[in-house]
Amino acid sequence: MIAGAPDPVAGSAAPSGPPAPSGPPAPQASVYNIANGLTMLRILMVPVFVWLLFQDGTAWRLAAFAAFAVASVTDKIDGDLARSRGLVTDFGKIADPIADKALTGAALIGLSVHGELWWWVTALILTREIGITVLRLVVIRYGVIAASKGGKLKTLLQVIAIGLYILPGPFDPVRWAVMGAAVAVTVVTGADYVVRAWRLRRTARPAPAGKAP
């Protein structure tokens with residue numbers, strides 16, 4: 001070895017820079033925040049909406065439409081707030097989809113009970129929604145199936161279609177067209193989630209116990 005030359009072994013063991021700062025992980029947002037508050041408001045509005053939907057008269061129908069519209073808008077607002085202000089919590093991840101499906105399911109079933117919407121449409125949409133939720137839970141040990149653009153379009157079309165059915169007035173052709181589009185996208189995106197879950201199951205390995213996937 002040449003005198004004064006750096007020892008290659010010692011040099012390789014030396015740190016290349018200052019050690020990374022260590023500290024406690026960032027605390028999770030409190031469950032008591034505005035995003036979760038809006039989610040709970042949406043859940044509480046479901047029985048109010050159902051009660052309004054089953055009252056007789058145009059004024060009651062308009063009130064039911066207003067309740068459904070407000071509840072649907074809170075879904076967009078609470079998600080944006082949770083992401084932009086760092087208010088995402090485990091409670092919100094569970095409560096938010098429950099609130100969405102409770103509102104949509106109550107509206108579809110209520111409209112079918114009234115004889116204004118075919119039962120097969122209600123059954124198809126609810127079967128897809130519940131089935132995909134269960135599927136996500138089954139494969140969560142292999143990874144998370146993120147919401148797709150098609151899934152977001154499906155939700156938007158369902159909300160618009162249901163709103164048109166709730167709203168009184170001679171809108172039948174428009175109702176049928178939008179609900180038809182919602183049903184088509186619901187079926188296609190449901191099949192897409194099944195394919196993605198199957199691929200995830202084939203290519204991923206389950207996370208070891210005690211570790212995140």
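Helix axes are lines fitted to C-alpha atoms over the stretch in contact, and the angle between two helices runs from 0 to 180 degrees between their N-to-C directions. Keep that in mind for the exercises below. The model is predicted.

**Exercise 1. Fold overview**

Task: State how many helices and strands the protein chain has, and what pattern it follows along the sequence.

Solution.
Step 1. Count the elements. The protein chain has 7 helices and 0 strands.
Step 2. Read along the sequence. The pattern is α-α-α-α-α-α-α.
Step 3. Add the burial. Of the 213 residues in the protein chain, 34% are buried.

**Exercise 2. Helix pairs**

Task: Classify the pairs H4 and H6, H5 and H7, and H6 and H7 by the angle between their axes.

Solution.
Step 1. Recall the cut-offs. Under 35 degrees is roughly parallel, over 145 is roughly antiparallel, 65 to 115 is roughly perpendicular, and the rest is oblique.
Step 2. Take helix H4 (residues 90-113) and H6. Their axes lie 11 Å apart, and the packing angle is about 40°. That makes H4 oblique to H6. Their crossing is left-handed.
Step 3. Take helix H5 (residues 119-139) and H7. The axes cross at roughly 20° and come within 10 Å. H5 is therefore roughly parallel to H7. H5 passes H7 in a left-handed crossing.
Step 4. Take helix H6 (residues 149-166) and helix H7 (residues 172-203). They pack at about 150°, with axes 8 Å apart. So H6 and H7 are roughly antiparallel. H6 also passes H7 in a left-handed crossing.

**Exercise 3. A salt bridge between helices**

Task: Find which helices the salt bridge of Glu 129 and Lys 154 ties together, and decide whether each partner is buried or exposed.

Solution.
Step 1. Check the contact. The cut-off for a salt bridge is 4 Å between a side-chain nitrogen and a carboxyl oxygen. The side chains of Glu 129 and Lys 154 meet at 2.9 Å, N to O.
Step 2. Place the partners. Glu 129 lies in helix H5 and Lys 154 in helix H6, so the pair ties together parts 25 residues apart in sequence.
Step 3. Apply the burial cut-off. Buried means under 20% relative accessible area. Glu 129 has 9%, so Glu 129 is buried. Lys 154 has 7%, so Lys 154 is buried too.
Step 4. Set the pair in context. A search of the whole structure finds 8 salt bridges.

**Exercise 4. Salt bridges within H7**

Task: Describe the salt bridges Asp 172 to Arg 175 and Arg 196 to Asp 192, with the spacing and burial of the partners.

Solution.
Step 1. Start with Asp 172 and Arg 175. Their side chains meet at 2.8 Å, N to O. Both residues lie in helix H7, 3 residues apart, about one turn of the helix.
Step 2. Compare their burial. Asp 172 is partly exposed at 34%, whereas Arg 175 is buried at 7%.
Step 3. Go on to Arg 196 and Asp 192. This salt bridge has an N to O distance of 3.5 Å. Both partners lie in helix H7, 4 residues apart, about one turn of the helix.
Step 4. Check exposure. Arg 196 is partly exposed at 25%, and Asp 192 is partly exposed at 33%.
Step 5. Look at linked bridges. Lys 101, Arg 128, Glu 129 and Lys 154 are joined into one network by salt bridges that share partners.

**Exercise 5. A surface patch**

Task: Name the residues of the nonpolar surface patch, then locate Met 40.

Solution.
Step 1. List the members. Val 31, Tyr 32, Met 40 and Phe 91 make a patch of about 420 Å².
Step 2. Locate Met 40. Met 40 is in helix H2 (residues 34-53).
Step 3. Check its exposure. Met 40 has a relative accessible area of 32%, so Met 40 is partly exposed.

Technical notes
Residues are numbered from 1 along each chain as its sequence is written. This is a predicted model: local features need pLDDT of at least 70, side-chain atom pairs count only at pLDDT 80 or more; totals for chains, interfaces and linings use all residues. Side-chain values use heavy atoms; hydrogens and water are left out. Patches are made of residues with over 30% relative accessible area and no salt bridge: like charges are joined within 9 Å, nonpolar side chains (Val, Leu, Ile, Met, Phe, Trp, Tyr) within 5 Å. Accessible areas come from the Shrake-Rupley method with a 1.4 Å probe; for residues, only the protein chains shown count as cover. Helices (H or I, at least four residues) and strands (E, at least two) are DSSP runs, numbered from the N terminus. Buried means under 20% relative accessible area, exposed over 50%, partly exposed in between (1.4 Å probe, protein chains only). A crossing is left-handed if the near helix is turned anticlockwise from the far one by less than a right angle, and right-handed if clockwise.
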